[in-house]
Amino acid sequence: VRRQLQSTEEDAGPERSGGSGLPGWVVMLLQSAPPIVAQGVFLAPMDAMRKIRAEKSTGSLTAVPYTAMVASCTVWVAYGLLAGDPTIWLPNVSGALLGAFYLATFAMHLAPGVSLRSHYACAASIGACTAVCFAVLPTAKANAVVGYIGVFLVVVMFSGPLATFQTVIRTRSTASLPPLFTAASFLNCLLWSLYGALVIHDPFIWGPNIAGLVATIAQIALFAVYGMPPNSPLGATPSVAFSQLRKSPV
């Protein structure tokens, strides 16, 4: 594993860092801004956790987004390490830890007879597969396999917005969409798309984030058509939005 990490810079080469042709300050901005904005996305479920602890119940919430957060961030940590890129792996460390905290909080307040074993098994399987790729495969091949796993998880998470779009159109109300969180998601996907396309030229980064950008633009269009959520200047809470995971965290 150590040899893999040492050889990463050679495998990645100037294509990932020095080959962008951008001014140094632009590169520095795109290396620092996406991880910072991503933390806001990762912290979004805190409101839901406070509500769960206060009510001592998970209510109608599902653990799927928190399981997906743990699995996805773990995969992107491995991808970033293989690529030798702290801009990718460093922010996802906190994402994986926060996801584990959210999942543990959720598990502590489950109704009697309800189990998260399938969630644990899914996250553990993805983590084990990623770890094997990281430790056994050559760096270039491991990077590709882990990248595809990450993209697959993003595709799975994109299934959430479909139901939301249908609800908004059916009810002609954006009550289920959070304006501030949608804006944060837009900025997050935009910054990661720019970083992936202009700085490191990595389709595993810019590809899913451009898809997420399109999804958030569609949500903004819904606000333009149906207006802001009624009875609240801020709309739905970020915890509601996060339960429908609509973009790539990296």
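# Worked exercises on an all-helix model

The side chain of Thr87 comes to 3.4 Å from the backbone oxygen of Gln31. Keep in mind that this is a predicted model.

**Exercise 1. Place Thr87: which helix holds it, and is it buried or exposed?**

Start with the helix. Thr87 belongs to H5, which covers residues 86-108. Next, check the accessibility. Thr87 comes out at 8%, and the cut-off for buried is under 20%, so Thr87 counts as buried. Finally, add the contact: the Thr87 side chain reaches the backbone oxygen of Gln31.

**Exercise 2. Work out what the chain is built from: how many helices and how many strands are there?**

Count the elements first. The protein chain has 11 helices and 0 strands. Reading from the N terminus, you get α-α-α-α-α-α-α-α-α-α-α. Then look at burial over the whole chain: 48% of its 250 residues count as buried.

**Exercise 3. Take helix H10 apart from end to end: what sits at its start, and what follows it?**

Step one is the extent. H10 runs over residues 203-226. Its 24 residues reach 34 Å from the first C-alpha to the last, close to the 34 Å expected at 1.5 Å a residue.

Step two is the start. There, a side-chain oxygen of Asp202 reaches to within 2.9 Å of the backbone nitrogen of Phe204.

Step three is the other end. Gly227 follows H10, and its phi is positive, near 85°.

Step four is the covered residues. The buried ones in H10 include Phe204, Ile205, Pro208, Leu213, Gln219 and Phe223.

Step five is the surface. Trp206, Ile210 and Val214 make a nonpolar patch there, with about 260 Å² of accessible area together. Val214 is in H10 and is exposed, at 52% relative accessible area. The spacing within the patch fits a general rule. An α-helix has 3.6 residues a turn, so residues three or four places apart point the same way.

**Exercise 4. Find out how far apart Phe186 and Gln219 are, in sequence and in space.**

Begin with Phe186. This residue lies in H9, residues 179-199, and is partly exposed, with a relative accessible area of 27%. Gln219 is one of the buried residues of H10. Now compare the two separations: 33 residues in sequence, and 9.5 Å from C-alpha to C-alpha.

**Exercise 5. Explain why Cys133 and Cys129 are not bonded.**

Recall the chemistry first. A disulfide is a covalent bond between the sulfur atoms of two cysteines. The cut-off used here puts those sulfurs within 2.5 Å. By this rule the count comes to 0 disulfides. Cys129 is in none, with the nearest cysteine sulfur, in Cys133, 4.4 Å away. Seen from Cys133, the closest cysteine sulfur is that of Cys129, and 4.4 Å is too far for a bond.

Now check their surroundings. Cys129 is partly exposed at 38% relative accessible area, whereas Cys133 counts as buried at 7%.

**Exercise 6. Track down the salt bridge: which residue pairs with Asp47?**

The general idea comes first. Side chains of opposite charge can pair when their charged atoms come close. The structure holds 1 salt bridge. The partner of Asp47 is Arg50, and their closest N and O atoms are 3.9 Å apart. The cut-off is within 4 Å, so this pair qualifies.

To finish, place the pair. Asp47 and Arg50 both lie in H3 (residues 46-55), 3 residues apart, about one turn of the helix. Asp47 is partly exposed, at 30% relative accessible area.

Methods
Residues numbered from 1 in each chain as written. Predicted model: local features only at pLDDT ≥ 70, side-chain atom pairs only at ≥ 80, totals over all residues. Heavy atoms only, no water. Patch = residues over 30% accessible without salt bridge, like charges linked within 9 Å, V, L, I, M, F, W, Y side chains within 5 Å. Areas by Shrake-Rupley, 256 points an atom, 1.4 Å probe, with all protein chains shown as cover. Salt bridge = Lys/Arg side-chain N within 4 Å of Asp/Glu carboxyl O. Helix = DSSP H or I, 4+ residues; strand = E, 2+ residues; numbered from the N terminus. Buried < 20%, exposed > 50% of the residue type's maximum accessible area, 1.4 Å probe, protein only. Expected span 1.5 Å × (residues − 1). Polar contact = N/O pair within 3.5 Å; in protein donor to acceptor, adjacent residues only side chain to side chain.
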